[in-house]
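Colleague: I should like to learn how to read a protein model feature by feature. May we work through one together?

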Amino acid sequence: MSIVDVMRDRYSERRFSPEPVEEEKLRAILEAGNLAPTAEDRQPQRILVLRGDEAMAEVDACTRCRFGAPVVLALAYDMAEAARNPDVADFGPVDVAIVGDHMALAAAELGVHSCWVGLIDPSEIRRRFSVPPTYRIVALMPLGYPSDKSRPSRLHRRRKGLEETVFFDSYAPREEAGA
């Protein structure tokens with residue numbers, strides 16, 4: 001399967017099976033995240049792997065969007081290590097997004113589903129999981145196998161056309177650009 005096929009077929013899972021994710025698959029997913037490029041190669045990402053009933057109960061106190069997953073990754077970055085450009089951005093969230101996407105795609109290739117969850121309580125995550133003060137939590141990523149009731153969202157395949165999202169040579173409206 002090509003990478004584009006994996007991208008096309010993967011969807012945000014919201015109905016996980018309780019079946020555990022094998023250690024070798026979890027390791028492969030984490031290794032894929034470690035391959036991700038980061039600004040200035042600073043590698044500020046800090047991934048916390050959460051498993052087990054006790055950890056899942058703690059996660060459930062931080063979000064309503066675990067969706068029954070047996071594994072949750074807390075995606076964070078160390079603010080002291082992230083690259084910054086004052087005219088552009090703090091690249092920590094960008095780096096974490098790239099790392100997370102690498103992991104989600106690797107998971108999909110292995111038959112493991114995922115979901116990017118931003119509906120979280122960062123202060124609760126910080127308190128419950130001893131997050132260091134220089135780490136900023138960006139998202140949670142539940143991982144696992146789909147349940148029997150799993151299906152993509154009705155919005156999954158709805159995409160704007162490239163003519164709405166891609167511009168060539170200028171952001172000026174197309175009629176102005178050609179004038």
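The dialogue below goes from the overall fold to the pocket, the cysteines and some single residues.

Modeller: Please keep in mind that this is a predicted model.

Colleague: How many helices and strands does the protein have?

Modeller: There are seven helices and six strands in the protein. Read from the N terminus, their order is α-α-β-α-β-β-β-α-β-α-β-α-α.

Colleague: What does the C-alpha trace span along its principal axes?

Modeller: The span of the C-alpha trace is about 65 × 40 × 30 Å.

Colleague: What share of the residues counts as buried, and what surface does the protein expose?

Modeller: The protein has 179 residues, of which 36% count as buried. The exposed surface comes to about 10900 Å², and carbon and sulfur atoms supply 52% of that area.

Colleague: I would also like to know about contacts. What part of those with a separation of 6 or more joins residues 24 or more positions apart?

Modeller: Among contacts with a separation of 6 or more, 76% are between residues 24 or more positions apart.

Colleague: Let us turn to pockets. How does one find empty space in a model?

Modeller: Rolling a probe the size of a water molecule over the atoms reveals where empty space remains. In this protein, the largest pocket holds about 170 Å³ of space. Its lining consists of 14 residues, and those closest to the centre of the pocket are Asp9, Arg10, Tyr11, Ala108 and His113.

Colleague: Which elements each supply at least two residues of that lining?

Modeller: Helix H1 (3-9), helix H4 (92-109) and strand S5 (113-114) each do so. H4 gives the most, with three residues.

Colleague: What is the make-up of the lining by class?

Modeller: The lining of the largest pocket has seven nonpolar residues, four charged residues and three polar residues.

Colleague: My next topic is the cysteines. What is a disulfide, in general terms?

Modeller: A disulfide is a covalent bond that joins the sulfur atoms of two cysteines. This structure holds zero disulfides.

Colleague: Why is Cys62 without such a bond?

Modeller: The closest cysteine sulfur to that of Cys62 belongs to Cys65 and is 12 Å away, so the distance is too far for a bond. The cut-off for a disulfide is a pair of sulfur atoms within 2.5 Å. Cys115 is likewise in no disulfide, and the nearest cysteine sulfur, that of Cys65, lies 7.3 Å away.

Colleague: Are Cys62 and Cys115 buried or exposed?

Modeller: A residue counts as buried when its relative accessible area is under 20%. Cys62 is buried because its relative accessible area is 4%. Cys115 is buried as well, with a value of 2%.

Colleague: How far is Cys115 from Val94, and where does Val94 sit?

Modeller: Val94 sits in helix H4. The two residues are 21 apart along the chain, and their C-alpha atoms are separated by 17 Å. Val94 is partly exposed, with a relative accessible area of 37%.

Colleague: Which residues have a positive phi although they are not glycines?

Modeller: Asp41 has a positive phi of about 50° and is not a glycine. The same description applies to Gln43, with a positive phi of about 50°. Asp41 is in the loop between helix H2 (23-34) and strand S1 (45-51), and Gln43 is also in the loop between H2 and S1.

Colleague: How accessible are Asp41 and Gln43?

Modeller: Asp41 counts as exposed because its relative accessibility is 53%, and the cut-off for exposed is over 50%. Gln43 is partly exposed, at 33%.

Colleague: How far is Asp41 from Val4?

Modeller: In sequence Asp41 and Val4 are 37 residues apart, and their C-alpha atoms are 25 Å apart in space. Val4 is in helix H1 and is partly exposed, with a relative accessible area of 43%.

Colleague: Lastly, where is Arg15, and which residues does it touch?

Modeller: Arg15 is in the loop between H1 and H2, and it is partly exposed at 31% relative accessible area. Leaving aside residues up to four places away in sequence, Arg15 touches Phe67, Tyr145, Pro146, Ser147, Lys149, Ser150 and Arg151. Arg15 and His113 are 98 residues apart in sequence, while their C-alpha atoms are 9.6 Å apart in space. His113 is also one of the residues closest to the centre of the largest pocket.

How values were computed: Residues numbered from 1 in each chain as written. Predicted model: local features only at pLDDT ≥ 70, side-chain atom pairs only at ≥ 80, totals over all residues. Heavy atoms only, no water. 1 Å grid on protein atoms, 1.4 Å probe; cavity = no way out; pocket = protein on both sides within 12 Å on 5 of 7 lines; lining within 4 Å. Points joined across faces, edges and corners; volume = space filled by probe spheres on them. Helix = DSSP H or I, 4+ residues; strand = E, 2+ residues; numbered from the N terminus. Nonpolar A, V, L, I, M, F, W, Y, C, P; charged D, E, K, R; others polar. Buried < 20%, exposed > 50% of the residue type's maximum accessible area, 1.4 Å probe, protein only. Contact = heavy atoms within 4.5 Å. Areas by Shrake-Rupley, 256 points an atom, 1.4 Å probe, with all protein chains shown as cover.
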